[in-house]
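Dear colleague,

Please find below the structure I wished to pass on to you, together with its sequence. My notes on it follow directly after.

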Protein chains: 4
Amino acid sequence: MNKRKICVIVASRANYGRIKSVLQAISAHDRLELQLIVEASALLYKYGNVIETIEQDGLKVTATAYSVVDGENLVTMAKSTGLAVMELSTLFDQLKPDVVLTVADRFETMATAVTASYMNIAVAHTQGGELTGSIDESVRHAISKLSHIHFPSNDEAAKVLYQLGENPERVYITGCPAIDLAANAVSQKTENLFELYGGTGYPLNWDKPYIVVLQHPVTTEYTQGAKQIEETLEAVRRVGMQTVWLWPNVDAGSDAIAKRLRMFLAADEGFPVHFYRNFRPEDYVHLINRAVCLVGNSSSGIREGAFLGTPVVNIGTRQNCRQRGENVMDVQYDSKAIYDAIQLQLAHGKYNSVSLYGDGGAGERIADILSSCDLSITKSFFHV
Amino acid sequence: MNKRKICVIVASRANYGRIKSVLQAISAHDRLELQLIVEASALLYKYGNVIETIEQDGLKVTATAYSVVDGENLVTMAKSTGLAVMELSTLFDQLKPDVVLTVADRFETMATAVTASYMNIAVAHTQGGELTGSIDESVRHAISKLSHIHFPSNDEAAKVLYQLGENPERVYITGCPAIDLAANAVSQKTENLFELYGGTGYPLNWDKPYIVVLQHPVTTEYTQGAKQIEETLEAVRRVGMQTVWLWPNVDAGSDAIAKRLRMFLAADEGFPVHFYRNFRPEDYVHLINRAVCLVGNSSSGIREGAFLGTPVVNIGTRQNCRQRGENVMDVQYDSKAIYDAIQLQLAHGKYNSVSLYGDGGAGERIADILSSCDLSITKSFFHV
Amino acid sequence: MNKRKICVIVASRANYGRIKSVLQAISAHDRLELQLIVEASALLYKYGNVIETIEQDGLKVTATAYSVVDGENLVTMAKSTGLAVMELSTLFDQLKPDVVLTVADRFETMATAVTASYMNIAVAHTQGGELTGSIDESVRHAISKLSHIHFPSNDEAAKVLYQLGENPERVYITGCPAIDLAANAVSQKTENLFELYGGTGYPLNWDKPYIVVLQHPVTTEYTQGAKQIEETLEAVRRVGMQTVWLWPNVDAGSDAIAKRLRMFLAADEGFPVHFYRNFRPEDYVHLINRAVCLVGNSSSGIREGAFLGTPVVNIGTRQNCRQRGENVMDVQYDSKAIYDAIQLQLAHGKYNSVSLYGDGGAGERIADILSSCDLSITKSFFHV
Amino acid sequence: MNKRKICVIVASRANYGRIKSVLQAISAHDRLELQLIVEASALLYKYGNVIETIEQDGLKVTATAYSVVDGENLVTMAKSTGLAVMELSTLFDQLKPDVVLTVADRFETMATAVTASYMNIAVAHTQGGELTGSIDESVRHAISKLSHIHFPSNDEAAKVLYQLGENPERVYITGCPAIDLAANAVSQKTENLFELYGGTGYPLNWDKPYIVVLQHPVTTEYTQGAKQIEETLEAVRRVGMQTVWLWPNVDAGSDAIAKRLRMFLAADEGFPVHFYRNFRPEDYVHLINRAVCLVGNSSSGIREGAFLGTPVVNIGTRQNCRQRGENVMDVQYDSKAIYDAIQLQLAHGKYNSVSLYGDGGAGERIADILSSCDLSITKSFFHV
């Protein structure tokens, strides 16, 4: 019997952590063949050179495509999407996958869904139906409308997919694969990550408490990026605790933020902050699992954070409508509010684990379903 | 007061007829400035050189972009979408429109919606919410999820947009601008179009009855294109009446169909069939208004046809779920069934006019709304 | 021992005939591995679907790339070059060839040379150093300046390469592979090609004399294409002999010519002209070997024509400075002059064979050299 | 009388300094209209945000194009060239220039020359005919073969253009516009540039002697970039003098070098080195005019350096064959040799000014010639 060819596109640092357990489950599955395309910022040094991590994890990369047009603004975000479509169409034509599996909601994900659906290839999608209230949400829903097979994280998300008119029989509530890594990681021994990874900045002490900051640009508030990061910087400086700061991802506006961070790094030499570009996904879980507080606007605080019980200070609009556990405290772009929330979270400490976004078995479930589900590319609208 | 800059993208022959009355209304509006981009197959001779028609109609083209990658298959359809995104991003960056208005559901439309939404430009969309049961429908819904302002044709379509989670306050039921042309045209005197346009094939007599055939490839049934057209050809040959045949549009599969049509043209020299690439939109309305039957799978049979009362034989799956009037008779890809349906329609004659897709005033309504409506680019999901 | 990987790019109908014997020799060579990329117009039906011919000839295609931006004008010619560079860079990165072999002088050839040389891959080039006096010549010399290994057709061409500052040790005078096919073909029995190939137009008689017309647009005289073809059409009509007409290639201006030809085909129904898109290279040799005269501006009249002794009427500037044998009569774009020259050539009949552009052994020579030559990518300018 | 439209493409930091005096002369010329396109790395913050400098200098930017595909390796260098061709073809089609003026020899320059020559636009080129012995030289000569009007720096370069077969009547020895800036700048008062520009690193003293380092990756020695920079770093550290270090440009390999430099910056905190991304062209001249030694492989050491008399230590192969004055001392990638050469240059001090690459009046000469010269796009090969 021919194996089904499942083509997975990893386009960024975030993508990889959210799909790794699926990649491993597909690789190990005897009725599936993995075609792994690594593209976009996942190939770039400044976004953490994710391809290296992937290969170190023992996964074989089938093809690569450079598709990021440099500029990190709204024009180049659009242009990068177009370039990704052009590159992926050539690769899909070579690889002739039975299914293309695309992850979440970033602009590279859109390129994948457009290309595959136009080429009459069944599209499977993780994280569909989640509400977050930004361009990411619009893109996520648009991808759902182009997708044939859905792997939402939970019941709430599935309900949104039903309302969007998707066929309930093709909606499989599997949990999010990102939680698989979290579940796995917390059961393993942790190394001293500060020693393991280079980064730049003040040397940190692994045995002392630290906070983690990860704040991405909000593309619909493009011009306020530098100002927004300023508020966070001020709050963090005032808190005065050891700080692990992760570079933002490739969205429009990241350049302005990065510039501001470099200035901070240069100016506040004595402050105990250390900057990192990338962690292996499991190490990232360890990092935030041990953090006394996660500050910023990363979805990982809400999603993995719920499972890990990490106290989170979530800033601004980026995660606006996302379903969240008690571990998340929401604040505006305001240094005082951020500072106060961090203090409250430090006082509270760890929260209980909640399986909001999955229980740790998503990867195997998704691989199993892909090995046997209907791959038809016809769709029709389901009225609620 | 600054005029609002409304950028409209005309990408194909079909696009133009469906937006022309809006273009004219925007041009004439004292609070709006029209930015007209002509791209994709609308620039190509073999698809009717639509840009020439546009300029003859007195509209000023602001910019053009060649974006069709030659090949007319699924790979190049995807690649053309990518190229359109790359080109449009440069043009939007130059033109800085306040709104981008995109038409219907073809792949070029998707490129427009992706580019504008990623660039934080408000996207307005016509024909959203219609159900048709093919990749076009998926694309249409995906575009709705990226759009901010909706101009659906009728209540049914609006209800679909509500279910998709769109904000009802930003859904304006205006009717479809294509019907404006139909309403206008039927009140005007008709010239002899057979004399006016060149085309190739047997010379036809404008004063005798004729049928019109327009059958596009169905991209999700890509490989069956030649076979499908064969059934239609056989039925038409058997009917034996004067036939106006329109070349299919640029979708994947059109090359195979065109090849088959050229063979027919070469082989059946005595048969009264004449091939045309393009009519001015109004002339197209006249053409199908006077036709004794419209055969194929064009949406114009269902949409303009309802208004004009033209008898239609609709073949295959392309218009599957589209809301239709009594003038439409549906058949499969089967020459006998097609032949029988044509005979029934010839026997029936004209139907009564029905305002299913609009009443003729959409263009002015849309321009008015665009001059005053909220242009915010934030969206959130509305639960039904 | 590892085989050297030789990547050959076939981008058009003309390309294939000029490199086929090399492809066969590389395939058969025990120290070489052939990587065959088919791209651009060689993938398109309307330019003869060359990829089908290639596969019928038993050659294995390694990868394909759609790279023609539709429009057939100067803008899309440039854009197609850019797209080819983008596509080829992805493919070269996958295939990691030791040498990229590029053919002659068309715009796709430029894309190949730019991509390979920027990627530090040794570039080998056939037909370098020939003088022809158009943009093709400029492009050909530019490619030579980016190439590392040269396979010119004859001493004259080699001298031009020396003047261009190329290293004489890397210039191998092998003859042109196109002549290999000619030499081979004339020794074989000919089938009735008029029966074998479809085409459109008047049915021709294989046993009666015929002329062949092949006239490409001259891209630097872009706007005069239709006018120029008009003169030829008039002369051919006046000659009144059976005529085989070949569609021009994909250069800017071909659309206007094709349009004019279609009009001719429609209007002059009784005239014995038949149109073809493509012949297998060997069949093309047979075709012009048997023709009583070859009319137009194809280099094949001058190059293969010299070897075959076919009488040629060469029109206009496209082959201006190309070294030629006695079989070529040059005329301007003037119907009277073209008519007179055809009459003179019909009166003269066949010429003696001359080995101006090769003797029939180029393919094997080139394969042998590629298996052992220096592949260094450093170059320096040689003063004459 | 219509003004001639001269379209100049500035694609990088280096481009701008080498063409600025021409831009000013065209702007001021009453028979010329300047169309200024800024593209590629000239738009990017990390390469010095050159567009800001241009606008501060009072020049009006006509259009921009993002064309750098991120990755800074050989694949993306090729891909960026392709993207630039695609973008420029759209812009040239809009702007319809009479002449496109392209600068020197980088990959973006190639894109400009290919696009313009394919679009039948006259191409003018500065710095043609110079010998430097790397891929840059091959590209420079290829561009000359696509260009119609040549503005070489000196007699030696003109002789190379003659050998390349260019028409001597279209070769104008004007000197290099880069020297215009140098001539101008030395006559003006200097500010304290260390205060004026930000940069990162150790604070330097403007009144004390300093050396300048500028070492680009050599794309044909792509993999050795980090190793090569290592040798220079060691030598500079051993010299121990105040050091101004400029970030390398966008060529393949720059990422690896930048990474190594950041490590150095982080590790050797006490060392008096300061890093800068960009200087206004005149300020760059001041900087190297005052430097006691310029170290690295920038052509500015050889070209502007000859005029300024700055002692130069030129490392490696990048400027191999370039014609040079006595101020240049050549060494290999060897820390000891670099150290020794720096010491010798420090001991020697300033050299006499030599007009090898121009005398300061190139900008006005070029504008004058462009206003009246033949713009024909036909070319033929001139035998020497």
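Between chain D and chain B, 3 residue pairs are in polar contact, counting pairs in which both residues have pLDDT 80 or more; please bear in mind that this is a predicted model. No salt bridges are found across the interface of chain D and chain B, the count being 0.

On the side of chain D that touches chain B, β3 (63-65) and α3 (74-95) of chain D each supply at least two residues. The most is given by α3(D), with 7 residues. By type, the residues on this side of chain D comprise 5 nonpolar, 3 polar and 2 charged.

As to extent, 10 residues of chain D are in contact with 10 residues of chain B. Together the two chains, D and B, bury about 730 Å², of which 44% lies on carbon and sulfur atoms.

I also looked at the fold of chain A. It contains an open sheet of 6 strands, paired in parallel and ordered β3-β2-β1-β4-β5-β6. The edges are occupied by β3 (63-65) and β6 (149-151) of chain A; each has a single partner strand, so one side of each is left without a neighbour in the sheet. On average, neighbouring strands of this sheet are turned by 25 degrees against each other, direction ignored.

Within that sheet, strand β1 (residues 4-10) of chain A pairs with strand β2 (residues 32-39) of chain A in the parallel sense, over 7 bridges. Cys7(A), for example, has Gln35(A) in β2(A) as its bridge partner.

With kind regards

Methods. Residues numbered from 1 in each chain as written. Chains lettered and ligands numbered in written order. Predicted model: local features only at pLDDT ≥ 70, side-chain atom pairs only at ≥ 80, totals over all residues. Heavy atoms only, no water. Pairing = 2+ DSSP bridges. Helix = DSSP H or I, 4+ residues; strand = E, 2+ residues; numbered from the N terminus. Axes fitted to C-alpha atoms, helices over the stretch in contact; angles between N-to-C directions. Contact = heavy atoms within 4.5 Å. Buried area = accessible area lost by both parts, 1.4 Å probe. Salt bridge = Lys/Arg side-chain N within 4 Å of Asp/Glu carboxyl O. Polar contact = N/O pair within 3.5 Å; in protein donor to acceptor, adjacent residues only side chain to side chain. Nonpolar A, V, L, I, M, F, W, Y, C, P; charged D, E, K, R; others polar.
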